[in-house]
Amino acid sequence: MSTMLWTSDAMAKAMRAATQGVLPEGVTGLSIDSRTIAKGEAYFAIKGDVHDGHAFVEAALKAGAALAVVETAQRAKFPADAPLLVVDDVLAGLVELAYASRARLNAKIIAVTGSVGKTSTKEALRRVLSAQGETHASVASFNNHWGVPLSLARCPASTRFAVFEIGMNHAGEITPLVKLVRPHVAIITTIEPVHLEFFSGIEAIADAKAEIFSGVEPGGAVVLNRDNGQFARLQKQAKQAGISRIVSFGADKRAEARLIDLSLHATCSAVHADILDHDITYKIGMPGRHMAMNSLAVLAGAALLGADIARAALSLSQLEAPTGRGLRRALEVGHGEATLIDESYNANPASMGAALNVLGQARTGPHGRRIAVLGDMLELGPTGPDLHRGLNEAVTANRIDLVYCCGPLMRNLWDALSTGKRGGYAESSAALEAQAVAAVRAGDVIMVKGSLGSKMKLIVSALEKRFPGKAAHEEAV
C-alpha cells in the first residue's frame, strides 16, 4: 500500500487552486509524464518546449492518475466530473507546492551543483545517507526550473535527509531554485569550461554557481573544491554571503577533506583520506580519479548533515554507475566478451577527459583494444573546435587504441589523431553506427560518449542489440 504524499486539501491550499469533480482524499506521488504515471499519483499538465501537458490529461486519468492539475484557461476542455485542481499556471502551482513541501520538512537538506559530477555526487549522497535514515533525492538529472520544484514537492514529510541537484546554463538560474530548497549544506563539485556559449569565461561560470550560497540556511555550510582554480573566488563569495563554515576538499594539503592516497583500478578505486580529522580508508564501487575526488565532498557533506562518517565511507563500496554515466555492460562477441562503457548521457571537456582516463584504466581481454566512440560536446561557443582538438592529449596519455568520431566539432579531434588511432568518422551518430558496431572484437573495451544532442545513445543501443550481454561485474580491489 503506497503512503499518501499529499492530501488533496493540502495541495489545493498550497497552490491556491480551485477544485473540480470529486477529488480523492490524497495522492501517493506527483508526475509530469502521462506515459509513466502510477495509479494514485497527481498529474501536472506542464507546458514543455515541445508538448503541452494538457493534451495528455485524459490519458493520465485513464492510466489511474488520482487527479490532474490544469490551468484555468483550459479547464473547459475537460468533463465537469474530472478530478481537477485548477490554477492560473501549472508550473507556478508546482513551485508553490514545493514551497509548502519545504515548509513542512524537518529533514537535513543538501544541494549539489558544479560543472561536472553533479548527478554522480547526488547519487553517492543518496547511497550513503539512505543507509542512515529515510532519504529523498531528485531522480535522474531533475535539476532545472521544473525538475527542482518537482523533486522538492515529491519529498515526503517524514524524510530525514534530502538531496537535491541544481543545474544551470545561464546566470540567474540557480538563485530561485536554491531559495526553494534552502539547503543546510551546499556542495560545488568543480568549475570547468562548460556552457561557454553563454558565459564570458570561467570566472563568470564560477559566479553563476556561487548563486547557490544565497539560499544556504543560516548557520549552514558549503563544501568547495580546493584543487580547482576558482576556489579562492568561491570562498570569498561564500564569506560575502554570510557563510562561516567553509569546508574544502581535494589533494591540497590545506583541505579539510583531504586525499592522502589513491589506488585506481579498472572498475573501482581505493582511497585513503582525512575527512574532518577522521583518518579513513575506503573503496568506491566506481572507477576514476574524478569519482574519488568527489567522494571526499560526499563524506564531508554527509558528516556536516550529522551522518556517521565511517558508515558513510563503507556505503561508497556499493556505488554503481547510472545508465549513460559510466554503466558497464558485458557484450557477447563470438566466443568471447567485450565491455561497453555507456557514457552517452552527456559530455563536456572535463567529463570527456575523465571518461578517457577511465577507459585508459580499463582491463582489456587478450588482443583486446581500448576504443573510444565520441560525439560532439555542445554549448562551448567559439572555443569548441580547440577544446575538441585538445582531447587528443587525453587519447594519447590513456593509450586509447582506436577513436571513432561523429559530428562537425569532433572533426577537429579526428584531424588531430595520429593515423593509426583513426577508427572512423561520420557527420552524425546514425551515420557512424554501422562502423562502430562492425569494429568490435572479443576482448575490446568500448566507451561511448557525447553531449545529449549528439544522440550517442543510438550507438549504445545498436551495440547492445548486436551483442546481447549483461551488466559487467565489478572486480575486487
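This is a short back-and-forth about reading the folds in a predicted model.

Me: Before I zoom in, what overall size and secondary structure does the protein have?
Reply: Keep in mind that you're looking at a predicted model. The protein comes to 16 helices and 23 strands, and along its principal axes the C-alpha trace spans about 70 × 50 × 45 Å.

Me: What does the radius of gyration tell me for 477 residues?
Reply: You set it against what a compact globule of that length would have. For 477 residues that would be near 23 Å, and the protein has 23 Å, so the two agree.

Me: Which domains does UniProt list, and where?
Reply: Two you can look for here come from an unreviewed UniProt entry. "Mur ligase central" is listed at residues 112–300, and "Mur ligase C-terminal" at residues 336–451. Over 112–300 the chain is 31% helix and 25% strand, with its end C-alpha atoms 13 Å apart. Over 336–451 you get 37% helix and 25% strand, and there the end C-alpha atoms are 31 Å apart.

Me: How do I read a sheet, say the one with nine strands?
Reply: Walk across it from neighbour to neighbour. The order is β9-β10-β8-β11-β12-β13-β14-β15-β16, the sheet is open and the pairing is mixed. At the edges sit β9 (135–137) and β16 (278–284), each pairing on one side only. Neighbouring strands are turned by 20° against each other on average, ignoring direction.

Me: Which helices pack on that sheet, and what do they touch?
Reply: Helix α4 (residues 118–130) is one of them: it touches β8 (108–113), β9, β10 (161–165) and β11 (185–188), and its direction makes about 175° with that of β10. Helix α8 (residues 231–240) packs on the sheet too, touching β11, β12 (221–225) and β13, with its direction at about 170° to that of β12.

Me: Can you show me one strand pair inside the sheet?
Reply: Try β13 (residues 245–250) with β14 (residues 257–264). They pair in the parallel sense over two bridges, and F249 stands opposite A257 in β14. As you step along a strand, here's a handy rule: in a regular strand, side chains alternate between the two faces of the sheet.

Me: What is the strand order in the five-strand sheet, and what happens at its edges?
Reply: That open sheet has the order β2-β7-β6-β5-β4, with mixed pairing. Its edge strands are β2 (18–20) and β4 (29–31); each has a single partner strand, so one side of each is left without a neighbour in the sheet. On average, neighbouring strands are turned by 25° against each other, direction ignored. For a close-up, β4 runs parallel to β5 (residues 41–44), joined by three bridges, and L30 is opposite A42 in β5.

Me: How does the hairpin of β17 and β18 look?
Reply: Check the direction of the strands, then the turn. β17 (residues 327–333) and β18 (residues 336–343) are antiparallel, paired over seven bridges; L331 has A338 as its bridge partner in β18. Two residues lie between the strands, and G334 takes a positive phi near 60°.

Me: Which strand does β18 pair with in the parallel sense?
Reply: That's β22 (residues 445–449), over five bridges. Find L340 and you'll see I446 of β22 opposite.

Me: And a helix pair: how do α15 and α16 cross?
Reply: Look at the axes, then at the residues. The axes of α15 (residues 429–439) and α16 (residues 457–466) come within 9 Å and cross at roughly 35°, and the crossing is right-handed. On α15 the contact is made by S429, A430, L432, E433, A436 and V437, and on α16 by L458, I459, A462, L463 and R466. By class, that's eight nonpolar, one polar and two charged residues.

Notes:
Residues numbered from 1 in each chain as written. Predicted model: local features only at pLDDT ≥ 70, side-chain atom pairs only at ≥ 80, totals over all residues. Heavy atoms only, no water. UniProt positions renumbered as here; feature names shortened; annotations may be inferred. Helix = DSSP H or I, 4+ residues; strand = E, 2+ residues; numbered from the N terminus. Pairing = 2+ DSSP bridges. Axes fitted to C-alpha atoms, helices over the stretch in contact; angles between N-to-C directions. Contact = heavy atoms within 4.5 Å. Left-handed = near helix turned anticlockwise from the far one by under 90°. Nonpolar A, V, L, I, M, F, W, Y, C, P; charged D, E, K, R; others polar. Rg over C-alpha atoms; globule rule 2.2 N^0.38 Å.
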